[in-house]
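Student: I would like to work through this structure slowly, one question at a time. Could you show me the sequence and the model before we begin?

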Amino acid sequence: MTDPLDRAIAHARVWLDQLDTAPAGATATAADLRKALGGPLPEQPGDPAALIDALAANTRGGLNANTGGRFYGWVMSGGLPGALAADWLVSAWDQNVGLYSVAPAAAMIEDITGAWLKELFDLPRESSFAFTTGCQLAHVVCLSAARHRMLAARGWDVEMQGLSGAPAIRVLTSQNRHKSIDAAARYLGLGQNSLVDVETGPMGDMSARDLERRLAEGAAPTIVCLNAADLNVGTFDDFSVLIPLARRAGAWVHVDGAFGLFARVSPKLRAMTDGIDGADSWATDGHKWLNVPYDCGIALVRDADAHRAAMSMGAAYLSPSGEARDPNDWNLELSRRARAIPVYVALQELGREGVAELVERCCRHCRAIVEGIGALPGARALNTPSLNQGLVRFEEPGRSDTENDRFTDAVIARINASGEAFFSGTTWNGRRVMRVSVVSWRTNKADVARAIAAAAAALGTSNIRP
Ligand SMILES: Cc1ncc(COP(=O)(O)O)c(C=O)c1O
């Protein structure tokens, strides 16, 4: 019998080997995929190797090549070679990393990797950490700790008493936040109405004057959520000014550092994160800029007691080992995969210098794409990226803003249809724009040139009309 693992490796190699030539984005429609993948629930057992072959064949056209170097949509990357191989071993070993006694090596790796990350980001070494599915759940972990501490300070034990009758918590943030902050507020029972928008400057950074004003309004327990960095133009809030203001007012400061926290690793970019170590919690992702496979988010919390109080479940039958860190004291999940292992390998594969170089390289490529496309007739760069995020708008002279919104979407669609590059669109300051996000370890100068050429071709095409 053919070993399904051998087939999986063969298909993985085919996928990885064609990343330079295949379309950057998926080409199949939802109807195509349903037809290829659907059908009745099988009644009889299938041959595993044949099923893997069918899986590879039937997903053809339905996979985005975010593992390649020409994918600039959202904020997505693909696994470094070592991290990807480690991820396969995670599945083969299939360790349940809830407790040290259940998965000793995996739990130990998680412990070591958490310490390495604190060092990498130069965050307070006393901080606790958790490996989550992504940054959104890292927010939930961090804000659970915040909720615990803010309410405990008012004599309320939220873990025992719940939220009914508890002092209402407000969350001061900016419109520039990622929506995962809203989701976290919902999951934690704070409700989206607890979010209060603080004014921002033209590039989306939070106004210190308005934050001060908001902090002075009432004495409600307060969480302040800041950006490192925003996902459109890579703006960092001014931590060295905002964090002391918030802390003086007794607020908990949480930072969304989904990708921007990695700027701290680069000596050239680190200044943008100055003062960030003064916050109370930080959420980031392994599956964005560190280029480990999905899923991997990271929560870091200065107040380890609050973190543990919010997460630990202490069931007797689980008999904590006492010998080493038990991951389920810090996580939302009990049973879960050992997702720290690819991070452990990625950090060794790159080393601190390699992470810094990867981050700087992505920023250079982002700027080159934004400037290159922005210089084309009919295109306009909306920022000069200092990080890895940029915006471009497409406009035809004499057209209205609404027509140019449609024109922008049409140009993005045309670039994506070429298969040469893939970009996602968004609405920024009320207008449609193309986002340029570079986080992949694979992106190189040739990819940048192909993206610019694809945009030039899309703009030169006379049948793009609003
Ligand atoms: C700034 C920012 N915060 C949070 C998130 C949520 O991260 P995840 O999708 O890993 O949960 C993202 C990306 O999706 C992001 O770009």
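Student: How far does a polar side-chain atom of Asp-256 lie from a nitrogen atom of the ligand?

Tutor: Keep in mind from the start that this is a predicted model. Asp-256 is among the closest of the residues around the ligand. Two polar atoms count as a contact within 3.5 Å, and the distance between the polar side-chain atom of Asp-256 and the ligand nitrogen is 2.7 Å.

Student: How much of the accessible area that the ligand has on its own does the protein cover?

Tutor: Taken on its own, the ligand has 390 Å² of accessible area, and this is the amount to which the covered share refers. The share of it that the protein covers is 82%.

Student: Which residue places a backbone N or O atom 2.8 Å from an oxygen atom of the ligand?

Tutor: A ligand oxygen also has a side-chain partner, since an N or O atom in the side chain of His-178 is 3.4 Å from an oxygen atom of the ligand. The backbone contact at 2.8 Å, however, comes from Gln-136.

Student: Which helix gives the most residues to the shell around the ligand?

Tutor: The shell is made up of 13 residues, and by class these are 4 nonpolar, 6 polar and 3 charged residues. The helix that gives the most to this shell supplies 3 residues and spans residues 135-152, and it is helix α6.

Student: Is Asp-87 buried or exposed?

Tutor: Asp-87 is found in helix α4, which covers residues 81-93. To decide, we compare its relative accessible area with a cut-off, and a residue counts as buried under 20%. Because the value for Asp-87 is 13%, this residue is buried.

Student: Which residue has a side chain joined to that of Asp-87 by a polar contact of 3.1 Å?

Tutor: Leaving aside neighbours within four places in sequence, Asp-87 is in contact with Pro-293, Tyr-294, Arg-337 and Pro-342. Of these, the residue whose side chain makes the 3.1 Å polar contact with the side chain of Asp-87 is Arg-337.

Student: To which residue does the cis peptide bond from Tyr-294 lead?

Tutor: A cis peptide bond also joins Ala-228 and Ala-229, where omega is about 5 degrees, and Ala-229 lies in the loop between β4 and α10. For the bond that starts at Tyr-294, omega is near -5 degrees. Its second residue is found in the loop between β6 and β7, and that residue is Asp-295.

Student: Asp-94 and Asp-122 both interest me; what is the relative accessibility of Asp-94?

Tutor: Phi of Asp-94 is near 50 degrees, a positive value in a residue other than glycine, and Asp-94 lies in the loop between α4 and α5. Asp-122 likewise has a positive phi of about 50 degrees, and this residue is partly exposed, with a relative accessible area of 27%. Asp-94, by contrast, counts as exposed, because its relative accessibility is 62%.

Student: What is the relative accessibility of Thr-113?

Tutor: Thr-113 lies in helix α5, and apart from its neighbours within four places in sequence, Thr-113 is in contact with Phe-131, Ala-340, Val-343, Tyr-344 and Leu-347. Thr-113 counts as buried, and its relative accessibility is 0%.

Student: What distance separates the centres of domain 1 and domain 2?

Tutor: The domain assignment of the protein chain gives domain 1 as residues 4-68 and domain 2 as residues 85-346. With the centres taken over C-alpha atoms, the separation is 35 Å.

Note on methods
Residues numbered from 1 in each chain as written. Predicted model: local features only at pLDDT ≥ 70, side-chain atom pairs only at ≥ 80, totals over all residues. Heavy atoms only, no water. Near = heavy atom within 4 Å. Polar contact = N/O pair within 3.5 Å; in protein donor to acceptor, adjacent residues only side chain to side chain. Areas by Shrake-Rupley, 256 points an atom, 1.4 Å probe, with all protein chains shown as cover. Helix = DSSP H or I, 4+ residues; strand = E, 2+ residues; numbered from the N terminus. Nonpolar A, V, L, I, M, F, W, Y, C, P; charged D, E, K, R; others polar. Buried < 20%, exposed > 50% of the residue type's maximum accessible area, 1.4 Å probe, protein only. Contact = heavy atoms within 4.5 Å. Domains from an automatic or database assignment.
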